[in-house]
Amino acid sequence: MTPTDVLPAKSDGARPVRVRFAPSPTGSLHLGGARTAIYNWAFARACSGSFILRIDDTDPERSTPENIAQIISALQWLGIDWDEGPVAGGDYGPYFQTERAATYVQALETLRANGWAYRCFCTPAELALMREAARAKGGSSGYDGSCRALSEEQSQARADAGEPFVWRLKIPADHGPIAFDDAVCGHTEFPEDSVDDFVLVRSDGSPTYNFASIVDDATMAITHVIRGNDHVSNTPKQILVLEGLGAQIPTFAHLSMINGPDGKKLSKRHGSTGVEEYADKGYLPEALMNYLALLGWSLDGETTLIDADTLKTRFSLEHVAKRPANFDFAKLTWMNGEYLRAMETDQFAQLMVERLAREGLCPPDDFARRPDWYQALAPMVSERAKLLTDIAPITRFLFVDVVKPDETARAKVLDKDPELVQRALRATLEALEAVEIWDVAHIEAAMADLPDVVDAKPRLAYQPLRVAIAGSTVSLPLNESMELLGREKTLARIRTLLQTMPEA
RNA sequence: GGCCCGUUCGUCUAGCGGUUGAGGACACCGCCCUCUCAAGGCGGAGGUCACGGGUUCGAAUCCCGUACGGGCUACCA
């Protein structure tokens with residue numbers, strides 16, 4: 001097999017769309033990476049193309065199996081599926097760069113055969129000096145190409161003698177500016193002298209990112225390279241490699257960066273930057289995907305709630321914004337609430353039990369044991385929760401044995417008008433003790449005239465009861481709460497609170 | 001230093017030369033609903049479209065410059 005066999009033939013015919021997400025596993029999947037993955041995935045789906053996951057692990061120092069596993073599970077959590085890559089397999093593998101050494105060797109062979117590569121023996125010290133001098137002169141600060149002067153014999157002899165060297169790209173002297181039409185940024189041009197003869201293969205034989213990545217894109221027949229804005233300056237280098245290889249040049253689409261709320265680069269300082277942290281914090285994958293999709297892309301400027309199915313059919317590169325976006329936690333959180341409320345009752349109830357069980361408030365199989373109870377509770381909770389982590393605080397009073405009035409309840413209710421509290425609680429107790437059938441309808445009927453009985457405004461008449469059963473001035477609706485709590489517990493809590501009240 | 005890019009309400013965005021007195025969403029404020037909190041409904045405030053020059057009958061929309069912000073400038077990715 002000759003090197004060119006692995007390269008797609010140059011052709012003007014429309015190729016089937018193939019895009020890839022190629023994270024380097026030097027850390028977990030962060031928000032920016034997740035958005036890039038979502039755009040690639042949505043684009044592939046909308047074009048009926050293929051979405052490929054490739055692990056760009058050419059940095060041996062920082063790449064770890066743990067990071068790879070984490071990235072994969074984060075993508076799965078988000079609901080992103082890939083047609084080729086780790087787990088999925090595919091015809092263009094392997095999908096780990098560390099397993100693709102042969103491909104890079106072949107690509108280098110092709111480059112050499114085409115006169116596009118040469119050995120460089122310069123030492124790091126020499127290189128540093130060179131950069132310094134170039135920068136002082138005020139021009140571009142790249143490699144000056146001194147090893148180009150070496151003849152093939154000299155070069156080979158020094159290599160044979162064991163002198164360390166790297167392979168550099170030999171950019172044709174009269175090349176001219178390198179231009180490409182970015183699907184997001186539009187026409188982009190780089191002067192030829194702004195790109196230097198960069199390193200292709202390190203002295204240890206491993207390929208650099210700018211070489212391996214684009215060779216893989218070519219051999220994997222990638223048609224659209226959708227990636228972060230930080231790669232714009234790498235693009236001319238990669239195009240040059242493609243030219244040297246005689247390979248087809250894909251369409252590039254560079255996405256703007258995501259900044260923190262303060263407009264500065266997103267970092268831990270702003271809160272969570274890793275996708276899995278959002279799962280822990282109680283965000284739904286659908287909400288995170290929706291939010292991230294809208295951070296730099298819009299469907300029509302009006303629609304804000306966009307589900308995965310819509311993304312998969314309507315996503316397009318044309319509406320991707322050029323400018324960087326600031327991450328807004330408040331909007332993400334609002335959106336999460338929207339998705340929570342849109343959930344089917346049973347589905348939400350299951351999530352609820354999962355969360356409660358995690359807190360030790362109920363057994364893991366509690367939903368199966370009393371589905372009706374949870375189905376009644378679920379809508380009241382989903383209406384109030386913004387995050388999954390809100391569930392436990394909201395419902396805790398239904399699961400614990402005793403509730404203790406919190407500080408606000410003390411100050412604003414119990415201590416404020418003890419006399420009214422006792423009056424209201426006694427009246428409530430009396431009314432509830434008479435309830436024959438313990439359900440919302442009967443409880444409600446019994447409680448309806450409480451304000452008249454205690455001669456207080458409704459809000460004041462009912463607050464003591466709320467404190468008694470929930471220990472708080474804020475709770476789920478009372479009648480429903482009492483039904484769910486059960487007759488005995490409800491009455492017991494009212495009596496308990498009454499006993500703690502000072503004698504009037 | 002050099003090379004590239006960006007700049008519309010606090011934030012995310014719509015806008016591709018006239019139909020825009022710049023539209024939507026989050027957040028904020030008010031009212032309604034109401035046993036609290038939410039949810040929901042209604043309404044409000046918030047933008048001299050970074051700035052300065054052009055081009056044009058007409059510019060947020062096209063061109064040039066300035067300022068500010070960002071990226072790259074490694075044998076990192």
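## Serine 475 and the two largest pockets

The side chains of serine 475 and arginine 466 are joined by a polar contact of 2.9 Å. The model described here is predicted. Serine 475 sits in the loop between α20 (458-470) and α21 (478-485). Apart from neighbours within four places in sequence, serine 475 is in contact with Arg466 and Ala470. The relative accessible area of serine 475 is 18%, and because buried means under 20%, this residue counts as buried.

The pockets are considered next. The largest pocket holds about 1000 Å³ of space. Its lining consists of 39 residues, and those nearest the centre of the pocket are His30, Gly32, Gly33, Asp230 and His231. Two or more lining residues come from each of β1 (18-21), α1 (31-46), β8 (224-228) and β10 (258-259). Of the elements, α1 contributes the most to this lining, with six residues.

The second largest pocket has about 400 Å³ of space. This pocket is lined by 19 residues, of which Tyr143, Asp193, Val195, Asp196 and Asp197 are the closest to its centre.

The table sets out the lining of each pocket by residue class.

| Pocket | Nonpolar lining | Polar lining | Charged lining |
|---|---|---|---|
| Largest pocket | twelve residues | 18 residues | nine residues |
| Second largest pocket | seven residues | five residues | seven residues |

In the largest pocket, the lining thus includes 18 polar residues beside twelve nonpolar ones, whereas the lining of the second largest pocket has seven nonpolar and seven charged residues.

Technical notes: Residues numbered from 1 in each chain as written. Chains lettered and ligands numbered in written order. Predicted model: local features only at pLDDT ≥ 70, side-chain atom pairs only at ≥ 80, totals over all residues. Heavy atoms only, no water. 1 Å grid on protein atoms, 1.4 Å probe; cavity = no way out; pocket = protein on both sides within 12 Å on 5 of 7 lines; lining within 4 Å. Points joined across faces, edges and corners; volume = space filled by probe spheres on them. Helix = DSSP H or I, 4+ residues; strand = E, 2+ residues; numbered from the N terminus. Nonpolar A, V, L, I, M, F, W, Y, C, P; charged D, E, K, R; others polar. Buried < 20%, exposed > 50% of the residue type's maximum accessible area, 1.4 Å probe, protein only. Polar contact = N/O pair within 3.5 Å; in protein donor to acceptor, adjacent residues only side chain to side chain. Contact = heavy atoms within 4.5 Å.
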